[in-house]
Amino acid sequence: MKDTVLTFELDVSSPLEISALCSAHVPRFVEAAHERGADAVILDLEDSVPQDQKGESRRRLSASVAKVGRRGSYVLIRVNHGLRALAADLNAAVMAGVDALVLPKTDSAAWVSEIANAVIGTRTRKKSCAGSNPVLCSDRDPGSIAKFSAIASAHPRMVAMALGPEDFSASVGGAPELDLLLTPNLSVLFAARAAGLLPLGFIGSIGEFSDDDRVREAATHARRLGFAGALATHPAQVAIFNEAFSPNPQELEWARRVLAAEKDATAQGRSAFAMDGKMVDPPVLRRAREITAADSGAKLAV
């Protein structure tokens, strides 16, 4: 249903913006991943890695983690869903330098809890990995929609949720387009926000990278809806996502004026006031603070 990420030392209070997916079995991709400009790099051991190359990808994982994280990006690992492959992935991925695990095809809250506990057990056995274990989920199965809220609250180490649009669309026999993906994406958004998680994604195909305007429009729309960031499957998407999920100069100017006006209103004993012909009250002030906070430079893109 979705990809769950178990993270070790991610700052959950930071905006999660752009995460770049990198196939762990392709050396040239691994070598260049740190240059993409993403807040985080996801080393993939799952769908993009052929079955006969998964073992070697695990053996090289420690070196790959060091390479993709050399410029300070968060490093996440997307593991496999099958129990045998998952066990091997956890044994390889729970190490110093790995900030999170992305768990695919998560279909229940119980599954999230089991994997989170397994990670804790692996850390204890290895006696070498400090930190906590937040989780990022990516839903792929229409049968999971009714479980989104439970999954979002499945474990205190959950950090984010996202929809897998290609898998979800294929599972219902449809195409990854707005009409089909709006409802499940909003379901992820609502469940994530209600649980205090970061909602990731945009409404459209994650495979679209050649049409810059289309990618930018989808990402900008997602931010307006309330999404905190997106998962990039191609290097060409990263710069676009970084721009789209960051406040523009007009938004920053508005937010700063709102917060400046708040000081005057507070001095006069008012919690609500008018600016530019519109009412400004606590929800508007919250949005202004979030916009200025997003410009602080503290980002996390996966």
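A residue counts as buried when its relative accessible area is under 20%. This tour relies on that term throughout, and the model on display is a predicted one.

**The whole chain**

Begin with the complete chain in cartoon representation. It holds 12 helices and 11 strands. Of its 302 residues, 50% are buried. Switch to a surface view: about 13,500 Å² is exposed, and carbon and sulfur atoms supply 52% of that area. Contacts can also be sorted by sequence separation. Among those between residues at least 6 apart in sequence, 73% join residues at least 24 apart.

**Strand β3**

Select residues 40–44, which form β3. Which residues cover its two faces? Ala40, Ile42 and Asp44 lie on one side, Val41 and Leu43 lie on the other, and all of them are buried. Because five of the five residues of β3 are buried, the strand is largely enclosed by the rest of the structure.

**Strand β4 and its partners**

Next, add residues 74–78, the strand β4. Here too, five of five residues are buried. Tyr74, Leu76 and Arg78 point one way from the strand, while Val75 and Ile77 point the other way.

Now display the backbone on either side of β4. β3 and β4 pair in the parallel sense, over five bridges. Two of the residues of β3 serve as markers along this pairing: Val41 has Val75 as its bridge partner in β4, and Asp44 has Arg78. Arg78 also leads onward, as its bridge partner in β5 is Val102. The pairing of β4 with β5 is likewise parallel, over three bridges. Follow the chain from β4 through α4 to β5 to trace a β-α-β crossover, which is right-handed.

**The largest nonpolar core**

Keep these strands visible and show side chains. In soluble globular proteins, nonpolar side chains tend to be buried together. In this model, the largest nonpolar core has 25 residues, and those touching the most other members are Leu43, Leu61, Val65, Val68, Ile77 and Leu101. At least two core residues come from each of β3, α3 (61–68), β4, α4 (83–93), β5 (100–106) and α5 (109–126). Which element gives the most to this core? That is α4, with four residues.

Centre the view on Ile77 for a closer look. Beyond its neighbours within four places in sequence, Ile77 contacts Ile42, Leu43 and Leu45, then Leu61 and Val65, and also Ala93, Val98, Ala100, Leu101 and Val102. Another core, of 16 residues, lies apart from this one; to find it, select Ala222, Ile240, Phe241 and Ala244, which are among its members.

**Asn80, in the loop after β4**

Return to the loop between β4 and α4 and select Asn80. Is Asn80 buried or exposed? Its relative accessible area is 9%, so Asn80 is buried. Its side chain has polar partners to display. A polar atom of that side chain lies 3.0 Å from the backbone oxygen of Leu45, and the side chain also makes a polar contact with the side chain of Lys54, at 3.1 Å. Setting aside neighbours within four places in sequence, the residues in contact with Asn80 are Leu45, Glu46, Lys54, Arg58, Ala85, Leu86, Asp89 and Pro104.

**Leu178, in α8**

Move to Leu178, in helix α8 (residues 178–194). With a relative accessible area of 44%, Leu178 is partly exposed. Apart from neighbours within four places in sequence, Leu178 is in contact with Ile203 and His221. Add Ser205 and draw a distance between the C-alpha atoms: Leu178 and Ser205 are 27 residues apart in sequence and 9.2 Å apart in space.

**Two residues with positive phi**

The last stops concern backbone geometry. Most residues other than glycine have a negative phi. Select Lys105, in strand β5, whose phi is near 55° and thus positive. Lys105 is partly exposed, at 29% relative accessibility.

Finally, select Asp276, in the loop between β10 (273–275) and β11 (278–280). Its phi is near 55°, again a positive value in a residue other than glycine. Asp276 is exposed, because its relative accessible area is 53% and exposed means over 50%.

Definitions and conventions:
Residues are numbered from 1 along each chain as its sequence is written. This is a predicted model: local features need pLDDT of at least 70, side-chain atom pairs count only at pLDDT 80 or more; totals for chains, interfaces and linings use all residues. Side-chain values use heavy atoms; hydrogens and water are left out. A nonpolar core is a set of buried Ala, Val, Leu, Ile, Met, Phe, Trp, Tyr and Cys residues joined through side-chain atoms within 4.5 Å. Buried means under 20% relative accessible area, exposed over 50%, partly exposed in between (1.4 Å probe, protein chains only). Contact means heavy atoms within 4.5 Å. Two strands pair if DSSP finds at least two bridges between them. A crossover is right-handed if, with the strands pointing away from the viewer, the path from the first strand over the helix to the second runs clockwise. Accessible areas come from the Shrake-Rupley method with a 1.4 Å probe; for residues, only the protein chains shown count as cover. A polar contact is a pair of N or O atoms within 3.5 Å; within protein, one must be able to donate a hydrogen and the other to accept it, and residues adjacent in sequence count only if both atoms are side-chain atoms.
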